[in-house]
There are 2 protein chains.
Amino acid sequence: MWCQSCREEYGEVDAGTCKECYEEASETEEELKREIEDLKSKVAFLRLSPPSLELNLSPSASAPDFLLVASSHPPSSTPAVPAHRAVLISRSPVFRAMLESDMEESRSGMIKISDVSYDVLRSFVNYLYTAEILLDEQMACDLLVLAEKYQVKYLKAFCEKFMTSKVNNENAIINYAFAHRHNAKQLLEAAVSLIMDNMSTLVERSEYKELVEKDPRLVVEIYEAYLNKQVNTAPKI
Amino acid sequence: MWCQSCREEYGEVDAGTCKECYEEASETEEELKREIEDLKSKVAFLRLSPPSLELNLSPSASAPDFLLVASSHPPSSTPAVPAHRAVLISRSPVFRAMLESDMEESRSGMIKISDVSYDVLRSFVNYLYTAEILLDEQMACDLLVLAEKYQVKYLKAFCEKFMTSKVNNENAIINYAFAHRHNAKQLLEAAVSLIMDNMSTLVERSEYKELVEKDPRLVVEIYEAYLNKQVNTAPKI
């Protein structure tokens, strides 16, 4: 028989589907692609332009009505990142609680965000407007922390997915500790799984020694998981 | 052979694809579905909550800073629809030009929109925040007009798609004239195609007679399209 897709001949053992199912599947694929195009246009429509960092000369324009300031250690003077209260409120329940109440931040129109660099804060705000960002590992890590703090679930999941795709033998222990601290379950599982694949070299690693110093309970959890796996995969006698 | 999809037997003439292509197609389908889920979450993230129509008691909240008022004929007193300048500017180049300049509307913080009902205006503003709406034919028609006026391309396309799906013999002429007036190419083509399928009864229709009265050039265009089709599909001698 001839395959309608790759146009090559195949025998009985290599049979895939009948014609009807093939045609149905092709239609489904077309439909799914159309749905993707529709959703992409919808995303493009819903994106907002992040506020310009330039001084706004026209006071009647839709000027941002809130400022976010990165306050890092050591303190440095970085420019504030402007934003609209309506956007902050819509993206984060923490901002909502803060800005819809009579809290200091709401009255002053400004919030200081500690332990974050200007670049990360700017990317964070940018993401709240556009749902777009070019991540590297450091940025994903910094943004995940910020997204967790302000409960921007979608951004947190996005960063976690990125970090999970980058877990390797070298960074597994660090990622394991990080995932623990920030409730990143998917990342945690990926890291633990890699660590367990390399138990023989574990105790020699400097990150391991550091973790034993800093947070031995996390190390205990690794051993518990390892033991559990051994018990479950041991051949039954 | 057995079809891997429907699990039924098939013969050589009903052969669809080989196993490899079937498996590849299944994987592609899974990937497309995952992409759709991702895009749906992105849409949910990017949606904004439309401003409440209730009086806002907390002045520090992210109160809307602009009002849209439906001014219909005959004039009636309807409540204004509140919105944020930042959202209006981001969704419509017309609002952008209006609000980023020193135009009357920008200074007064209010715009009167003529020939539109309160319900349509409210749905329009709602859509600008959420990209969500439940359409019926009248609403699609009214919103398409508004979307064209304010150059909200995505909403116009959405309404046009809906209207195109509803074109039938009864409303083809009305939709044809409407599509002409509002540059709705897809709707125009669907309507013309249906009109040409029913040329024998065309002149008896009351909408036809009305159109001849009101805008005979549009009627001429129908005949020209019809003639053109006849010439092109006539058997060559």
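Here are some short exercises on the structure above, each with a worked solution.

Before you start: this is a predicted model, where local features need pLDDT of at least 70, side-chain atom pairs count only at pLDDT 80 or more, and totals for chains, interfaces and linings use all residues. Residues are numbered from 1 along each chain as its sequence is written, chains are lettered from A and ligands numbered from 1 in the order in which they are written, and side-chain values use heavy atoms, with hydrogens and water left out.

**Exercise 1.** Work out which residues of helix α11 of chain A are buried, and what they pack against.

*Solution.* Start with the helix, which covers residues 206–214 of chain A. (Helices are DSSP runs of H or I with at least four residues, strands are runs of E with at least two, and both are numbered from the N terminus.) Its buried residues are A:Glu207, A:Tyr208 and A:Leu211. (Buried means under 20% relative accessible area, exposed over 50%, and partly exposed in between, using a 1.4 Å probe and protein chains only.) Now look down the axis of α11(A): the buried residues fall within an arc of 100 degrees, so they line one face of the helix. That arc is taken from the directions from the helix axis to the C-beta atoms. Finally, these residues pack against α8 (172–181), α10 (199–202) and α12 (216–233) of chain A. (Contact means heavy atoms within 4.5 Å.)

**Exercise 2.** Describe how α11 and α12 of chain B pack.

*Solution.* First, get the geometry: α11 (residues 206–214) and α12 (residues 216–233) of chain B meet at an angle of about 120 degrees, with axes 5 Å apart. That makes α11(B) oblique to α12(B). (Under 35 degrees is roughly parallel, over 145 roughly antiparallel, 65 to 115 roughly perpendicular, and the rest oblique.) Next, find who touches: α11(B) brings B:Tyr208, B:Leu211, B:Val212, B:Glu213 and B:Lys214, while α12(B) brings B:Pro216, B:Leu218, B:Val219 and B:Tyr223. Last, sort them by class: 7 are nonpolar, none polar and 2 charged.

**Exercise 3.** Place A:Gln151 and B:Arg7, and say how accessible they are.

*Solution.* Take A:Gln151: it isn't a glycine, yet its phi is positive, about 50 degrees. A:Gln151 sits in the loop between α6 (137–149) and α7 (153–165) of chain A, and is partly exposed at 47% relative accessible area. Now B:Arg7: its phi is positive too, about 65 degrees, and it is not a glycine. B:Arg7 lies in the segment before β1 (15–18) of chain B and is exposed, at 60%.

Terms used. Axes are lines fitted to C-alpha atoms, for helices over the stretch in contact, and angles run from 0 to 180 degrees between N-to-C directions. Ala, Val, Leu, Ile, Met, Phe, Trp, Tyr, Cys and Pro count as nonpolar, Asp, Glu, Lys and Arg as charged, and the others, Gly among them, as polar.
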